[in-house]
Each structure stands twice: as C-alpha cells, then as structure tokens.
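Me: I am new to this structure and would like a close look at a single part of it. Please take one strand, follow its partners, and then show me what lies around it.

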Amino acid sequence: MDVIEIKNKLVQELCESDKIQGIGQTGDLNSPLVPGNSDIDMFVLCTAIPTEEERKNVYLKHADEYSQCQMNVCNGGIWGYGDILIIDGIDVMFMYFTMEEMQDYLDEILAGKHLNREGGFYPVGRLSTVENIHILYEKDQAWTSFQQKVKKHPKDLFQKMFDFHISNVLDEEDLGRVLLRKEVLFYHSVLESALDHLLQALFAANSVYFPSRKRTEQYIKKFENKPDQCYERLLGIIENSISADTIEKSVEELRKITADIKKLRK
C-alpha cells in the first residue's frame, strides 16, 4: 500500500469524528513524491480540536503503515495543532484548526491587518492556500465557504498590500552602505528583504495572493501587469549581486524595476 492510499484511509477515519468539519490538501495532487524530499500537508477544520488521545487513536489503527508518529509538532497559532506521520519516507502532516479561528484569521488578513511578514511567514499566503486547497471532505460547505470568501479578491486589500510593499522595497540607508562598502554578504541580506517586498507588490498589482517563492517564474509569466523582461531582470539583479565589481549594476536595476512596478498601480 502506498502513501496516497494510507493517507486516504486516515482521512476516512478522521471524517468519522463529529468534531471534523472539513479536510483539505495543499499543493499539486499529481506531483511525484520523493522520500526525504516531499511532504503532504493536510488542513483539518474542526468545531473543536480533537484531543491528542483522540487523534492518536486514529493514527494507531494504521500503526503498521508508518515508521514514525510525531504528535504536537505545533500547538496552535498559524499552523494549528500539528501531527506528522512518516509514511514510506514522506512526511504527512495533519494541521487542525477550529472553524472560528480560521474564519477570524482569514477576515483579519482580508481586512489588511497582516501585511508584513510574521515569524518567517507572510499571512497572505494563507489566503492562497485556502483559495487553491483540494477539498477531500467537508460538512456544510466548510471549506467551500472559506474559498468563496477569499476568492472575492478585495480590491482594498490588494491596494493596501501594493502600497505597503512597494514603499518598503528600497531601504536607501542600507543601499547607500552597500554602494559605499560593496560588501556582498551584507547586500544579500538587504536584497533578500527587497525581493520579498518587490514580489509582494508585483503579485498585488496582478490581484494574486503571494503564496511563496515557489513557482515564481510560472506566476510571473502569466501576469499581464509586469515590466518588460520582468523575470529576466530579477535574475540579473541576483546575478550581479554576487560580486563587489557588479553590485552597483544590481542596485541600479533594483531601483529601476521598483520604479517600473510602482507605475503599474498609477
């Protein structure tokens, strides 16, 4: 029995609980799974979080089919209450959220209350997750109702996102130090933050929730609102950032593409 079959059996078992309202899987369902390099993330909506004992009892029914079970790898917050089962070298993670906390969090993000990075995570990425989640099970349209909420794509949110991120791309004080000292590693720290803000602004200009940097090239190719040679110019900024001799070119292009993206919302 492969990991998909075992995962599906676990989903069926969990659905029998009165506390479970919906189960969704993120990512591409058809992507090849590579032991040690792939994972499966499951978002579970609940009226109340099943206790550790209740969750473990479900997992134990299939104890012969996984090599390891890690309980409570996260205990509430943005990643919910999480357990990981390692099945054929693949991490299968179940993250449990109450309907109430999921709704409140989505409403806050949609209202523009979480524009910046929080704990290494951009909250708008949760909107992308919900919008694209594969619904495996739901009661009373639990997941469907949340998807309908985020798919409205509020213009006010994208405007707030664009204004916030485009204004934070260029830290001129740090860029001045970069040009003066030409310290490559320091510039990489500055550039990492700049690219995050730049991509967020670019996605907002196209009314798309920024999910992460995965598949960035695919997204940018589909965007209608973008500077000419957008992706290639971003690569050029990175390529010129690796040497003190070309740092000035990198900073110059970063400023130019920021100005070009800023024009997209005028």
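Reply: Start with strand β4 and its neighbour β5. Seven bridges join β4 to strand β5, residues 90-98. The two strands run antiparallel. One pair shows the match: L85 has V92 in β5 as its bridge partner. This is a predicted model, and everything below is computed from it.

Look next at the turn between these strands. The hairpin of β4 and β5 has two residues between the strands. In this hairpin, D88 takes a positive phi near 55°.

Now go to the other partner. Strand β3 covers residues 68-75, and five bridges join it to β4. This pair also runs antiparallel. Here N75 stands opposite Y81 in β4. The hairpin of β3 and β4 has five residues between the strands. Within it, G76 takes a positive phi near 95°.

How enclosed is β4 itself? The strand spans residues 81-87, and six of its seven residues are buried, so it is largely enclosed by the rest of the structure. A general point helps when you view any strand from the side. In a regular strand the side chains alternate between the two faces of the sheet.

Another strand deserves a look, β1, which covers residues 20-25. Q21 is found in it. Is Q21 buried or exposed? Its relative accessibility is 12%, and buried means under 20%, so Q21 counts as buried. Leaving aside neighbours within four places in sequence, Q21 is in contact with nine residues you can pick out: L45, C46, T47, M99, Y137, E138, K139, D140 and A142.

Next, the nonpolar cores. The largest has 56 residues. L127, Y187, L234 and L254 have the most contacts inside it. Helix α8 gives the most to this core, with 12 residues. Take L254 as a way in. Apart from neighbours within four places in sequence, L254 is in contact with V169, L170, L175, Y187, L191, A194, L198 and I237. Another core lies apart from the largest one, and it has 23 residues. Among them are I20, V58, M71 and Y96. Of these, M71 falls within the residue range of β3, and Y96 within that of β5.

Finally, the open spaces. Rolling a probe the size of a water molecule over the atoms shows where empty space is left. The largest pocket holds about 1400 Å³ of space. It is lined by 45 residues, and T26, G27, S212, K214 and R215 are the closest to its centre. Four elements each supply at least two lining residues: β2 (39-46), α4 (124-132), α8 (184-205) and α9 (216-222). The largest share comes from α4, with five residues. By class, the lining divides into 17 nonpolar, 16 polar and 12 charged residues.

The second largest pocket holds about 160 Å³. Its lining is L195, L199, R213, T216, Y231, L234, L235 and I238. Two elements, α8 and α10 (230-239), give two or more residues to it. The most comes from α10, with four residues. Six lining residues are nonpolar, one is polar and one is charged. L234 links two parts of this tour: it lines the second largest pocket, and it is among the residues with the most contacts inside the largest core.

Conventions
Residues numbered from 1 in each chain as written. Predicted model: local features only at pLDDT ≥ 70, side-chain atom pairs only at ≥ 80, totals over all residues. Heavy atoms only, no water. 1 Å grid on protein atoms, 1.4 Å probe; cavity = no way out; pocket = protein on both sides within 12 Å on 5 of 7 lines; lining within 4 Å. Points joined across faces, edges and corners; volume = space filled by probe spheres on them. Nonpolar A, V, L, I, M, F, W, Y, C, P; charged D, E, K, R; others polar. Buried < 20%, exposed > 50% of the residue type's maximum accessible area, 1.4 Å probe, protein only. Pairing = 2+ DSSP bridges. Core = buried A, V, L, I, M, F, W, Y, C linked by side-chain atoms within 4.5 Å. Contact = heavy atoms within 4.5 Å.
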